[in-house]
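Here is a friendly tour of how some helices pack and where the nonpolar cores sit. Have the model open as you read.

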Amino acid sequence: MDDASAVELLDNGTVEPETPSCGPKDVPPQELSSNDPDVLRAALVREHDAYRRAECLAKMQTEVVQLALDLLVREPDIESFFGGLTRTMVEESDSHVCGVWLMDDDEKRCDLWMAYVADRLYLRRHGGLDGLAFPHESLGKHLLGYAPGWTETIEYECDDARLPDAVREFHREGGIHGMVIAPLLLGTRTLGWIKLSSRGIPPCKDAQWWRIELIEAIARQAALALHHNRLVERSRLEERRKAILEERNRLARDIHDNLAQGFGAILMQLQAAQREIGTPSLPFAQKLETAVDLARTHMIEARRSVGTLRPNVGDGEEISTSLKRIADLAQLTTSVPIDINLEALPRVGDSVEREIVGIAQEALTNAVRHARARRISVRASTVRSIGLRLSVADDGRGFARDRSSAGFGMTSMQERAERIGASLTIVTAPRGGTEVVLAWEPSSLPTQVHVAG
Ligand SMILES: Nc1ncnc2c1ncn2[C@@H]1O[C@H](COP(=O)(O)OP(=O)(O)OP(=O)(O)O)[C@@H](O)[C@H]1O
Ligand SMILES: [Mg+2]
């Protein structure tokens, strides 16, 4: 390799660095204008070195960009892309391990995502990191908590006092002489970290300088690729969510316009026949009555399916609007009056609202289907202006505790309450009516589900 080509691309597309002799140093201008030939010669040699180094650095950075582009085109997904980057890091910097730690979405956790160790890639997916002895959870906590300096690459020695004990012990036992960790930065945001550690004889200062330049160049490409991938993934999920909603709406419309309307029309015809037929024979009257019952039941079920398919909480819809909508829908399926009493309610976030309305819907459906009530009521009020209290009550036949596990509805209400950390109480007794009470506050108490007899 000649002087000007300190970095060469190998046939397989990886970067081969020729380690420069030392880190960059400025040559003082007075030396370059010195009349002493020895001083001048030394200054020229150093300037030439510095020039070569800058040239070699620029070339390496170009090669890394090229490598990232090649990997983006060649690899089918982001994991394989990072797999290629980490392999290159290990091979080109004479290191033993290259690991990638990522922050989770709310930046409360930092976990090892993948590690290229010796000549093999380990992925977190499917428990692929279980075989690694490295205390990656300790280092994850350290990365998350060690605030100063994280906009820059940090070098650690084997027994570095800043490191958690478990990591230092692992280094001592495994003969790791140190590591270099570079943040994956996107503007002022840290998406994660890339870590390189080496075994054996510690590298000389110059090789370490080169390794840091390389990891930083790779970290820049990695952060960009990660960000791009997340944007693509987010819009893919959004598209999927929209497609699912559209399909559900289409199904709901179909069921409503065809099945439910169809059963409604059959029911009307049968009822008209019942009125007009006078006094039929008993078997005939019974058959007609059964047909009326069947048509009514299936009409109710079809309408219920419409209610289930349509999202409980529309995008941006106020919770009280959603509650009113499901109560109105339920009213279409029963002649039992449903009283609605809704205070102005605070917005508590789409996901919480969705669960609350889901619970209201199930409680209401149960009251309509099972209670044989004379009245049903839906009430919602604020709690200390930040929380919510929802009650769905009926004055029907109630039920005994041991029957409460007959269907999916109870379990689903319980699971929904657990998901949002709410307290769910079901007060019921045979012939004593039923009341489902849900209480939710932002600083939620642990979920409590009671079935009080
Ligand atoms: N308001 C109510 N009044 C009287 N009985 C009720 C009431 N709510 C629930 N039950 C009783 O509790 C049982 C369990 O309710 P759950 O909602 O779990 O199941 P389901 O309504 O029968 O079926 P699914 O909800 O899965 O369609 C019901 O079958 C019914 O016997
Ligand atoms: Mg039910």
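## Helices α2 and α3

Helix α2 (residues 37-74) and helix α3 (residues 78-92) cross at roughly 145°, their axes coming within 9 Å. Axes here are lines fitted to C-alpha atoms, for helices over the stretch in contact, with angles from 0 to 180 degrees between N-to-C directions. Helices are DSSP runs (H or I, at least four residues), numbered from the N terminus. Leu-67, Leu-71 and Leu-72 of α2 make the contact with Phe-81, Gly-84, Leu-85 and Thr-88 of α3, where contact means C-beta atoms, placed from the backbone, within 7 Å.

This is a predicted model: local features need pLDDT of at least 70, side-chain atom pairs count only at pLDDT 80 or more, and totals for chains, interfaces and linings use all residues. Residues are numbered from 1 along each chain as its sequence is written, while chains are lettered from A and ligands numbered from 1 in written order.

## Nonpolar cores

The largest nonpolar core (buried Ala, Val, Leu, Ile, Met, Phe, Trp, Tyr and Cys joined through C-beta atoms within 7 Å; buried means 20 or more other C-beta atoms within 10 Å) has 50 residues, and Met-89 and Leu-184 are among those touching the most other members. Helix α6 (residues 205-276) gives this core its largest share, ten residues.

A second, separate core of 34 residues includes Val-368 and Leu-424.

## Helices α9 and α10

Helix α9 (residues 350-370) packs against helix α10 (residues 409-420) at about 160°, with axes 9 Å apart. That makes the two roughly antiparallel (over 145 degrees).

Terms used:
Two residues are in contact if their C-beta atoms, placed from the backbone, lie within 7 Å. A residue is buried if 20 or more other C-beta atoms lie within 10 Å of its own, exposed if 12 or fewer, and partly exposed in between; C-beta atoms are placed from the backbone. Angles under 35 degrees count as roughly parallel, over 145 as roughly antiparallel, 65 to 115 as roughly perpendicular and the rest as oblique.
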